[in-house]
Amino acid sequence: MCQVRDDRLDEISGLVATDTGFVVVNDGADEASHRRIFFLDRRCAVVRTVAYPSRPRDTEDLAVGLDGTLWVGDIGDNGRARETIAVWTLRSGSGRPVLYRMSYPDGPHDAEALLVTRDGRPVIVTKQSGGAGLYTTAGPPRRGATVPLVAAGRVRLPGTTTANPFSFLGRRLVTGAATAPDGRRVVLRTYADAFEYDVTGGDLVAALTTGRPRVTALPDEPQGEAVTYTRDGRALLTVSETAGQPPGARPT
């Protein structure tokens, strides 16, 4: 599709396709210039950025609500030490993201995948090899409050043999998620594969916990953590981090 040539975008962890291009975020970046929401055109050139009003901890995924609101999953926790995680929302036409905090019912988890239900509730998919946990809220998040998350089930991915830099573990860890524009399919990705589930009646959790996925092997990317659907829903798009890769490596 295109290469991202902006030096600020070397740790892309979240991706959504738009009518005019793409939106991306880096994961927990040390440099302030990298901690923004980046809007790209169809050639992957940065055309606009939006800053967070306070410092995010570890932004890992992007999702889009039914009303077009952009959701940023500030859900990474490699050390499993965060008392709260968060999502940021950015409404269409707004230049200021809004923060919503949440807490797990059973202690910290690392997560890199975010989905949004039809009624505006986040669904977080944890990053663990024994079966990814699903967590959501009882209702929409509330500004100015820490909303408790509820355990909603587990996802057990079928085994594959797809080549990737992290071998067996790379085929088990969920690193991104996306919902098709028509809401009738949802996809989870690992470092190796995409697992696509059919969604009935808008029930994302039921699709992921009881459905049988179609498996698509993904390119052997250096550290693939992002996935989205094209706007027509006919294809999947992925992009990888390139931090730590040879000089001149570009996210593709």
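About 220 Å³ of space lies in the second largest pocket of this predicted model, a pocket being an open set of 1 Å grid points over the protein atoms alone where a 1.4 Å probe fits, with protein on both sides within 12 Å along at least five of seven lines, and its volume the space filled by probe spheres set on the points. Its lining, meaning residues with an atom within 4 Å of a point, comprises 15 residues, of which D67, T69, W71, R91 and G120 lie nearest the centre.

The largest pocket has a volume of about 820 Å³ and is lined by 39 residues, with A63, V64, G65, G68 and R231 nearest its centre. Among the DSSP strands (E, at least two residues), β1 (12-17), β5 (61-64), β9, β13 (176-179) and β17 (224-229) each supply at least two residues of this lining.

Turning to the interior, the largest nonpolar core, a set of buried (under 20% relative accessible area, 1.4 Å probe, protein chains only) Ala, Val, Leu, Ile, Met, Phe, Trp, Tyr and Cys residues joined through side-chain atoms within 4.5 Å, holds 19 residues, of which V155, L188, Y197 and L208 touch the most other members. The largest share of this core, four residues, comes from α2, a helix by DSSP (H or I, at least four residues). A second, separate core of 16 residues includes V87, Y104, Y135 and L149.

Local features need pLDDT of at least 70 and side-chain atom pairs pLDDT 80 or more, whereas totals for chains, interfaces and linings use all residues. Residues are numbered from 1 along each chain as its sequence is written, and side-chain values use heavy atoms, leaving out hydrogens and water.

Terms used: Buried < 20%, exposed > 50% of the residue type's maximum accessible area, 1.4 Å probe, protein only.
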